[in-house]
Amino acid sequence: MTLVPRSLLWRTVLLLALLLVAGHFAWLQLFRVSEREPRALQVAQQIASVVNLTRSALITADPAKRIDLLRDLAQQEGVQIYIAEPNEPVEPLPDRPFVRMITAELQRRLGADTRLLGTRDGMRGVWVSFRIDDEEFWVRLPRERLERAEQLRWIGWGVLVLALSVVGAFLIVARINRPLRELTRAAEMIGRGRTPSPVSESGPSEIRTLARAFNQMAADLKRIDEDRALLLAGVSHDLRTPLARIRLGVEMLEPQADATLREGLVQDIEDIDAVINQFLDFARVTNETSIASELDLNELVNAVLERYQHQGKPVSAQLGSVPRLQLKALAIQRLLTNLVDNALRHGSAEAQIVTGQSGGRAFVEVLDRGPGIPVEEAERMLQPFTRLDAARGGAGTGLGLAIVDRIARLHGGTVALTPREGGGLRARVEFPMMQAKD
Ligand SMILES: Nc1ncnc2c1ncn2[C@@H]1O[C@H](COP(=O)(O)OP(=O)(O)OP(=O)(O)O)[C@@H](O)[C@H]1O
Ligand SMILES: [Mg+2]
């Protein structure tokens, strides 16, 4: 698993967030460095004042009152005075640029022999030495004089600003992403051979150009589809008449002519005729304009079933209850015929038609016990001129399922080709029950 998000939205948000964090830290660092010196000088000045005042007070105070003075300083200002002793255990303050600046400034103000310590005699604080005559003293100030509690507050504010910026980045990117999502959805529809409704041509100029180009492409594809159907219809129509003449001619051949040759020719002519019919059907559903009327799906199934049984084909039916639907009778019969033909030709020698309703939709299924269609190929088989065994030749045009799909869509329905439990294919067409009138 990779930690990089896959969608453009989250990638951009992540990148922006990283950029903001980096920028924020750079800014914080800059701020810290630039305010360090003035702050060091200020702190040094305060400490120097405390030391100078204490020193003057000690020098000028009445010796009898010195003890009281020291106690007052300790209680009211947190300032404690000690007399330095030789070899006392001491530790310096941490060696930071800030501390070095303060030390330098204190030595400048109080004399070069001024010392600054972190711990003396096991007591933490800020220890500053000063002299009265030859005697050395320590002033102990609370450590807070050096640290700044506000620093933590700065970090808190920084985190808040950062969180707000990330939320802002998300909103901006989501806004840019919305038209892209719409485009993706439409492109996916085209990939599945559907015609999407035009995407809205608004927003920033790049997105608008992209949307316009996309709509143009979708319209072109639709036109190419229609042109192809028109071409097929024209050619097929023109082939029909000469084909009928050839058939007539073959049938009128001398009876003594080779009977097998004649039968072969008639079979070929029938195959060609079937292909032409399929072409014409395809062209017809692409430009279908007939009016739908309220019909009983089961009645249409029965009509088709009768025709097959009349020809002695092993087709059976199991009809469930289906409400009357808005249907185009001829188109639905064509749909059923194509599915049953497939079951008989590509599937087993037997086909079963099932009708019924489930989940608020009416359905008709054609089932067989043949080799079926691999799940990953099912969607592709609904495209025109696609066949599983195209490499091996074979009689079909590859239009049958494309016609089924188009007829289903004309009725607001869907086609699903799924494996049948126990082997074979389940071709299922679902129709919405509340069909709007054309
Ligand atoms: N019931 C089925 N069992 C197995 N494979 C099937 C079945 N129905 C269709 N197929 C496969 O799907 C392909 C496409 O079917 P489609 O009906 O579109 O074309 P066709 O049957 O080859 O030609 P046409 O129907 O135009 O004469 C077929 O060539 C076949 O490989
Ligand atoms: Mg077919």
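These are legends for four close-up views of a predicted model.

**View 1. The shell around ligand 1.** Here we're looking at the 23 residues that surround ligand 1, and the ones that come nearest are Asn 342, Arg 387, Leu 388, Gly 396 and Gly 400. Sorted by class, the shell is made up of 11 polar, nine nonpolar and three charged residues. Two helices, α8 (329-345) and α10 (400-410), each chip in at least two residues.

**View 2. Asp 121 in its loop.** This one sits in the loop that links β3 (116-120) to β4 (123-132). Asp 121 isn't a glycine, yet its phi is positive, at about 60 degrees. It counts as partly exposed because it has 13 C-beta neighbours inside 10 Å, and exposed would take 12 or fewer.

**View 3. Phe 385, another positive phi.** Phe 385 lies in the loop between α9 (375-381) and α10. Its phi is also positive, at about 60 degrees, although Phe 385 is not a glycine. With 12 other C-beta atoms within 10 Å, Phe 385 is exposed.

**View 4. A five-stranded open sheet.** Follow the strands across and you get β7-β9-β10-β12-β11, with mixed pairing. The edges belong to β7 (315-318) and β11 (414-419); each has a single partner strand, so one side of each has no neighbour in the sheet. From one strand to the next, the twist averages 20 degrees. At the β7 edge, the partner is β9 (residues 351-358), and the two run parallel over four bridges. Look for Ser 316, which stands opposite Gln 352 in β9.

Technical notes:
Residues numbered from 1 in each chain as written. Chains lettered and ligands numbered in written order. Predicted model: local features only at pLDDT ≥ 70, side-chain atom pairs only at ≥ 80, totals over all residues. Near = placed C-beta within 6 Å. Nonpolar A, V, L, I, M, F, W, Y, C, P; charged D, E, K, R; others polar. Buried ≥ 20, exposed ≤ 12 C-beta atoms within 10 Å, placed from the backbone. Pairing = 2+ DSSP bridges. Axes fitted to C-alpha atoms, helices over the stretch in contact; angles between N-to-C directions.
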